[in-house]
Amino acid sequence: MGRFVVCDHPLIQHKMTFLRDKNTDTKQFRELVDELSTLLAYEVTRDIPLETVKIETPVTEAEGRVVAGRMLGLIPILRAGLGMVDGMLKLLPSAKVGHIGLYRDPETLKPVEYYFSLPSDVTERELIVLDPMLATGGSANAAIQSLKEKGCRPSKLVCLIAAPEGVKAVQDAHPEVDIFVAALDKCLNDHGYIVPGLGDAGDRLYGTK
C-alpha cells in the first residue's frame, strides 16, 4: 500500500486557514495555492535519491550530495490543478509538465477525458499528479489510469484537501500510489463537496461561478 501523508507543517496549517476562508479573494486565493504547492513540493520530494559528488569549495575539496535517479514530471488535472504547477516548479525547475483535462458527466457523474498532452519523454520520468481537491477520487483515479494506459508510472498524487472517501477510492484503485495532502477533512456532503472544505477550487482560483 502506498503512503498517505498529511503534511501538517505549521506554515501549511496557517495558509490553509486563509485558503478556506470564504472572504479570501481570487488574488489571495491564487497566491496561497502557489505558496502551499511550494511547501508541499518540499515534503513530496523528501525521499528523492541522492548521489555523492566531489566539488571544490573556496577552501578545499569536499564531497556533496546531489539529486540522482529518475527525472520528474508534473501532471495537473485541468483546470484547478494548473494553480499548483508554478508553486511546484519553484523547487523543481527541471520537471516537465503534462496536462489531463477531465469533466464530470452530469448524468453519470463519472469523469470524462477531454484533453491529454504529455512530454515526449514522459515514460522516463517519475510522475506527480496534481489536483487541489480529492473528493470522490473519480478524477484522480481516471487520470492515474490514463497515465498507466500510456505506459507511464505515476507514483504520487498531491492535493491540498482530501475527503476520506476519496483517499480510500484512490488507495483501492491504485494502491502503489503515494498520496500527499495538506489537510484531511471530515467527509463529503450530499452534493459531493468536501466538508468543511473550501468550496470549488477552480472557481476560486479563476473567479468563476
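The following exercises, each with a worked solution, concern a predicted model.

Local features are reported at pLDDT of at least 70 and side-chain atom pairs at pLDDT 80 or more, whereas totals for chains, interfaces and linings use all residues. Residues are numbered from 1 along each chain as its sequence is written, and side-chain values use heavy atoms, without hydrogens and water.

**Exercise 1. Strand β8**

Task: Determine how strand β8 is covered and which strands pair with β8.

Solution. Step 1. Helices (H or I, at least four residues) and strands (E, at least two) are DSSP runs, numbered from the N terminus. Strand β8 spans residues 125-130.

Step 2. A residue is buried under 20% relative accessible area, exposed over 50% and partly exposed in between (1.4 Å probe, protein chains only). Six of the six residues of β8 are buried. Arg-125, Leu-127 and Val-129 point one way, while Glu-126, Ile-128 and Leu-130 point the other way.

Step 3. Two strands pair if DSSP finds at least two bridges between them. Strand β4 (residues 71-78) runs parallel to β8 and is joined to β8 by six bridges; here Pro-76 has Leu-130 as its bridge partner. Strand β10 (residues 154-162) is also parallel to β8, with four bridges, and Val-129 is partnered by Leu-157.

**Exercise 2. The nonpolar cores**

Task: Describe the largest nonpolar core and identify the element that supplies its largest share.

Solution. Step 1. A nonpolar core is a set of buried Ala, Val, Leu, Ile, Met, Phe, Trp, Tyr and Cys residues joined through side-chain atoms within 4.5 Å. The largest core has 36 residues, and Leu-130 and Ile-161 are among those with the most contacts inside it.

Step 2. Elements that each supply at least two residues include α1 (10-20), α2 (26-44), β4, β8 and β10. The largest share, seven residues, comes from α2.

Step 3. A second, separate core has 21 residues, including Ile-75, Cys-152, Ala-162 and Val-167.

Step 4. Contact means heavy atoms within 4.5 Å. Not counting residues up to four places away in sequence, Ile-161 touches several residues, among them Met-16, Pro-132, Ala-183 and Leu-198.

**Exercise 3. Salt bridges**

Task: Locate the partners of the salt bridges formed by Asp-34, Asp-203 and Glu-176.

Solution. Step 1. A salt bridge is a side-chain nitrogen of Lys or Arg within 4 Å of a carboxyl oxygen of Asp or Glu. The structure holds 14 of them.

Step 2. Asp-34 pairs with Lys-90, with the closest N and O atoms 2.3 Å apart. Asp-34 lies in helix α2 and Lys-90 in the loop between α3 and β5, 56 residues apart. Asp-34 is buried because its relative accessible area is 14%, whereas Lys-90, at 53%, is exposed.

Step 3. Asp-203 pairs with Arg-79 at 2.7 Å between the closest N and O atoms. Asp-203 belongs to helix α6 and Arg-79 to the loop between β4 and α3, so the pair ties together parts that are 124 residues apart in sequence. Arg-79 is partly exposed, at 35%.

Step 4. Glu-176 pairs with Lys-148, with the closest N and O atoms 2.6 Å apart. Because Glu-176 lies in the loop between α5 and β11 and Lys-148 in helix α4, the pair ties together parts that are 28 residues apart in sequence. Both residues are partly exposed: Glu-176 at 43% and Lys-148 at 29%.

Step 5. A network of salt bridges links Arg-3, Asp-47, Glu-126, Lys-156 and Asp-178. Of these residues, Glu-126 was placed in β8 in Exercise 1.
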